[in-house]
Amino acid sequence: MLTLAARERKRMKSLESMALQLEMLTAANPNQAQETVATILQQLDSGLSRKLLKRLANAWADSDLDVLGSYAAWCDCANRPGQADMKRLLDDRNPGLADAIERLHTGGELVFAAVGALHMAGHGIATTAG
């Protein structure tokens with residue numbers, strides 16, 4: 001995304017502050033952080049992460065809304081240790097991301113917004129009134 005923006009001479013703006021991103025990525029409980037890292041490493045080592053990411057990428061490429069909407073069921077996220085942060089990392093940030101996009105539009109800017117795929121797949125999609 002950064003390369004494309006630079007090549008096209010487009011300005012980039014962050015939808016959230018670095019401080020907020022760090023706060024969201026930092027576990028309040030050190031034991032929980034250790035458990036989350038261990039789970040992620042196990043998923044990478046076993047090939048599970050690759051399998052899940054491939055299915056997610058194919059669903060996006062095919063515009064398969066049923067697969068995208070049922071992400072939480074087929075990724076089995078809720079049943080794995082360290083996955084309780086999904087709501088905090090994704091859903092809880094969505095209203096702020098949507099508000100930032102709306103502010104840019106309201107300010108008269110032409111906006112192309114990019115967020116991580118999991119902010120929309122199988123989780124609550126933030127909407128704003130208006």
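Colleague: Is Glu-109 buried, partly exposed or exposed, and what is its relative accessible area?
Modeller: Keep in mind that this is a predicted model. Buried would need under 20% and exposed over 50%, with partly exposed in between. Glu-109 counts as partly exposed, because its relative accessible area is 27%.

Colleague: Which residue does Glu-109 meet in a salt bridge, with 2.6 Å from N to O?
Modeller: Side chains of opposite charge can pair when their charged atoms come close. Here the two partners come from distant parts of the chain, 96 residues apart: Glu-109 sits in the segment after α8, and its partner in the loop between α1 and α2 (18–25). That partner is partly exposed, at 41% relative accessible area. The residue is Lys-13.

Colleague: And Arg-93, which residue does it pair with in a salt bridge?
Modeller: Look at the loop between α1 and α2, since Arg-93 itself lies in the loop between α7 (86–89) and α8, so the pair ties together parts that are 77 residues apart in sequence. The closest N and O atoms are 2.2 Å apart. The partner is Glu-16.

Colleague: Is Glu-16 buried or exposed, and at what relative accessibility?
Modeller: The cut-off for buried is under 20% relative accessible area. Arg-93 counts as buried with 15%. Glu-16 is buried too, because its relative accessibility is 10%.

Colleague: How many salt bridges turn up in the whole structure?
Modeller: Besides the ones we've covered, Arg-7 forms one with Glu-8, with the closest N and O atoms 3.9 Å apart. In that pair Arg-7 is exposed at 58%, while Glu-8 is partly exposed at 44%. The search of the whole structure gives four.

Colleague: Which residues lie on the other side of α8 from the buried ones, and are exposed?
Modeller: Start with the buried set: Asn-94, Leu-97, Ala-98, Ala-100 and Leu-104. Seen down the helix axis, these fall within an arc of 160°, so they line one face of α8. On the other side, the exposed residues are Arg-103 and Thr-106.

Colleague: How far does α8 reach from its first C-alpha to its last?
Modeller: Helix α8 covers residues 94–106, which is 13 residues. At 1.5 Å a residue, the expected value is 18 Å, and the model comes close to that. The reach is 18 Å.

Colleague: Which residue with a positive phi follows α8?
Modeller: The phi in question is near 90°. The residue that follows the helix with that value is Gly-108.

Colleague: Is Ser-49 buried or exposed, and which residues is it in contact with beyond its neighbours within four places in sequence?
Modeller: Ser-49 is found in helix α4 (residues 48–61). It counts as buried because its relative accessibility is 13%. Leaving aside those sequence neighbours, its contacts are Gln-43 and Leu-44.

Colleague: Which residues make the nonpolar surface patch of about 590 Å²?
Modeller: One of them, Met-1, sits in the segment before α1 (2–7). Met-1 counts as exposed because its relative accessible area is 52%. The full set is Met-1, Leu-2, Leu-4, Met-12 and Phe-112.

Colleague: Zooming out, what percentage of the protein chain's residues count as buried?
Modeller: The protein chain has eight helices and zero strands. It exposes about 9300 Å², with carbon and sulfur atoms supplying 58% of that. Of its 130 residues, the buried share is 25%.

Technical notes. Residues are numbered from 1 along each chain as its sequence is written. This is a predicted model: local features need pLDDT of at least 70, side-chain atom pairs count only at pLDDT 80 or more; totals for chains, interfaces and linings use all residues. Side-chain values use heavy atoms; hydrogens and water are left out. Patches are made of residues with over 30% relative accessible area and no salt bridge: like charges are joined within 9 Å, nonpolar side chains (Val, Leu, Ile, Met, Phe, Trp, Tyr) within 5 Å. Accessible areas come from the Shrake-Rupley method with a 1.4 Å probe; for residues, only the protein chains shown count as cover. A salt bridge is a side-chain nitrogen of Lys or Arg within 4 Å of a carboxyl oxygen of Asp or Glu. Helices (H or I, at least four residues) and strands (E, at least two) are DSSP runs, numbered from the N terminus. Buried means under 20% relative accessible area, exposed over 50%, partly exposed in between (1.4 Å probe, protein chains only). The expected span of a helix is 1.5 Å times one less than its number of residues. The arc is that of the directions from the helix axis to the C-beta atoms. Contact means heavy atoms within 4.5 Å.
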